[in-house]
Amino acid sequence: MSEPQGVELTGPVHERYDEILTPEALGFLAALQREFGGRRNELLRKRAERQEELARGGTLDFLPDTASVRHDGSWRVAKPAPGLEDRRVEITGPTDRKMTINALNSGAKVWLADFEDANTPLWENMVGGQLNLRDALDRTIDFETGGKSYRLKPDEELATIVVRPRGWHLDEKHVLVDGERMSGSLFDFGLYFFHCARRQLDKGKGPYFYLPKMESHLEARLWNDVFNLAQDLLEIPRGTIRATVLIETIPAAFEMEEILYELRDHSAGLNAGRWDYLFSVIKKFRARGRQFLLPERNAITMTAPFMRAYTELLVRTCHKRGAHAIGGMAAFIPSRRDEEVNKAAFEKVRADKTRESGDGFDGSWVAHPDLVPLCREIFDGVLGERPNQLDRLREEVSVAASDLLAVDKTPGEITEAGLRNNISVGLQYIATWLGGNGAVAIFNLMEDAATAEISRSQIWQWIHNDVNLAEGPKITKDLVERTIDEELAKIRESYGDAFDEERFADARALFTEVALADDYADFLTLPAYERMP
């Protein structure tokens with residue numbers, strides 16, 4: 001394979017990689033990296049500066065410098081693009097071949113094709129996923145396993161593809177531009193856009209994206225500039241791209257309108273990325289004492305006052321500006337053996353989606369095809385034949401900064417069972433992640449990186465804020481290390497012959513590092529990425 005000047009591939013080149021990593025595509029990636037790599041690094045430095053301010057006792061508030069954007073009632077985002085008018089149910093998942101086919105065939109309106117939290121950034125996953133998306137658009141994709149064959153339904157029955165690239169904080173270490181790693185965000189976005197934008201347009205839709213982990217409207221402005229240059233380079237009209245932003249960090253919750261404004265010609269709305277939002281709350285205020293101390297992960301519900309304020313503000317903000325508001329994930333994985341588990345879980349999913357649809361959300365996420373009919377039924381009951389409920393302006397909603405920060409009003413305890421669950425889930429997820437799979441079924445839930453992030457961050461926070469378990473003992477490093485050993489023994493017993501000693505040893509080392517170290521790692525995926533080839 002030939003490489004453009006200044007571009008170096010350090011990853012292996014497998015079969016068909018030359019179809020994706022063409023000199024033209026690599027040149028396109030290099031142009032994006034050279035133009036925007038410096039701004040990306042500067043914005044990451046601004047994140048670190050804000051974190052230092054919060055650690056010193058600072059707070060978050062709506063920005064005075066952008067008040068004019070919030071108070072100007074005249075602007076709106078672009079009208080919904082073809083294939084995105086109706087988003088009442090969206091399915092999420094990684095871009096492996098089987099998931100690509102099942103998600104597109106699922107009956108959902110949208111498939112979030114995930115290169116981020118439900119995906120492990122193995123080189124083979126990143127390039128192979130791009131091939132799978134292109135093959136799906138060309139209708140050359142198929143898959144066979146265990147005597148079963150998977151094929152695509154007719155085009156008109158398929159979900160609209162919306163690609164989620166990695167967040168701004170992640171690199172792609174297998175591509176160097178002028179001697180430096182390129183942005184993982186630009187790699188994922190650029191390859192898909194270069195190869196699939198025209199293919200999507202030929203099918204009457206466009207290249208659409210979900211943008212994760214954003215922390216400010218300046219990061220949205222950077223994405224908008226990336227979109228404009230990419231469209232110009234390929235001679236595609238500006239405004240063709242549409243992007244939905246996940247509001248999954250607490251700083252971004254204070255800049256929702258500004259984020260929509262920066263992307264207004266390319267905006268497809270906002271999503272309530274609630275699991276990463278919890279992770280962000282813990283991370284940003286991790287050393288601030290009991291004012292920002294949450295109960296154990298499974299005790300936190302969407303009816304907690306600070307979570308209620310966040311979702312209400314999101315719907316109000318979106319509909320005020322003509323943008324879709326998309327609800328959070330239903331992560332339940334139906335059991336083939338335990339109908340009682342299914343019954344209880346489906347009741348929870350139904351209650352969650354009923355609340356979202358009643359609050360004005362235009363659609364919501366599910367992790368498994370079996371949940372698509374349930375989610376669709378609930379939103380059908382509210383929407384009927386309408387594609388969305390953008391006309392529900394929710395003008396009665398008024399959310400103050402103090403409402404978004406009312407973490408201490410969250411009911412719930414911190415129990416030994418909660419500590420053990422965090423450890424068990426964290427170990428199992430990391431072990432599977434290191435093996436190349438980022439979407440992991442654990443205890444009948446489809447978990448992604450956000451779950452492991454919450455689990456290890458809570459433990460770090462509990463230790464560094466002198467928290468006691470409800471049963472009495474103080475949570476210390478020694479207690480956590482003993483519990484890790486005990487939970488690992490349980491996992492070994494339950495896995496039997498499937499237990500991989502080496503992989504779980506790596507998982508234990510990484511989990512211990514990010515949960516117990518004095519210095520907090522911003523993302524566990526950063527040290528984890530360096531542990532994989």
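**Figure 1. Pro-373, an exposed residue in helix α13 of the predicted model****.** Pro-373 has a relative accessibility of 53% and therefore counts as exposed, since the class begins over 50%. The residue belongs to helix α13, which covers residues 372–383. For orientation against another part of the chain, Pro-373 and Gln-130 are separated by 243 residues in sequence, and their C-alpha atoms lie 28 Å apart in space.

**Figure 2. The contact of helix α5 with helix α6, to which Gln-130 belongs****.** Helix α5 spans residues 123–138 and helix α6 spans residues 184–202, and their axes come within 10 Å while crossing at roughly 10°. The two helices are therefore roughly parallel to each other, because an angle under 35 degrees falls in that class. On the α5 side the contact is made by Trp-123, Met-126, Val-127, Gln-130, Leu-133, Arg-134, Leu-137 and Asp-138, and on the α6 side by Phe-187, Asp-188, Leu-191, Tyr-192, His-195, Cys-196, Arg-199 and Gln-200. By residue class, this contact holds 9 nonpolar, 3 polar and 4 charged residues.

**Figure 3. Two residues of helix α17, Thr-483 and Arg-492****.** Helix α17 runs through residues 477–495 and includes Arg-492, and Thr-483 lies in this helix as well. Thr-483 counts as buried, with a relative accessibility of 4%, whereas Arg-492 is partly exposed, with a relative accessible area of 35%. Leaving aside residues up to four places away in sequence, Thr-483 touches Leu-419, Arg-420 and Ile-423, while Arg-492, with the same exclusion applied, touches Phe-499 and Glu-501. Arg-492 can also be placed relative to Ser-267, from which it is 225 residues away in sequence and 47 Å away in space, C-alpha to C-alpha.

**Figure 4. Arg-394 and Asn-444, two loop residues with positive phi****.** Arg-394 is not a glycine, yet its phi is positive, near 50°. Arg-394 is found in the loop between α13 and α14, the latter comprising residues 401–404, and with a relative accessible area of 9% this arginine is buried. Asn-444, likewise a residue other than glycine, has a positive phi of about 65°. The loop that holds Asn-444 lies between β14 (440–442) and β15 (445–447), and the relative accessible area of Asn-444 is 31%, which means that the residue is partly exposed.

**Figure 5. The protein chain as the setting for the close-up views****.** The chain has 19 helices and 15 strands, and its C-alpha atoms fill a box of roughly 65 × 55 × 50 Å along the principal axes. For a chain of 533 residues, a compact globule would be expected to have a radius of gyration near 24 Å, and the value of 22 Å computed for this chain agrees with that expectation. Of the 533 residues, 60% are buried. Among contacts with a sequence separation of 6 or more, 78% join residues that are 24 or more positions apart. The chain exposes about 20,500 Å² of surface, and carbon and sulfur atoms supply 48% of this area.

Methods:
Residues numbered from 1 in each chain as written. Predicted model: local features only at pLDDT ≥ 70, side-chain atom pairs only at ≥ 80, totals over all residues. Heavy atoms only, no water. Axes fitted to C-alpha atoms, helices over the stretch in contact; angles between N-to-C directions. Helix = DSSP H or I, 4+ residues; strand = E, 2+ residues; numbered from the N terminus. Parallel < 35°, antiparallel > 145°, perpendicular 65-115°, else oblique. Contact = heavy atoms within 4.5 Å. Nonpolar A, V, L, I, M, F, W, Y, C, P; charged D, E, K, R; others polar. Rg over C-alpha atoms; globule rule 2.2 N^0.38 Å. Buried < 20%, exposed > 50% of the residue type's maximum accessible area, 1.4 Å probe, protein only. Areas by Shrake-Rupley, 256 points an atom, 1.4 Å probe, with all protein chains shown as cover.
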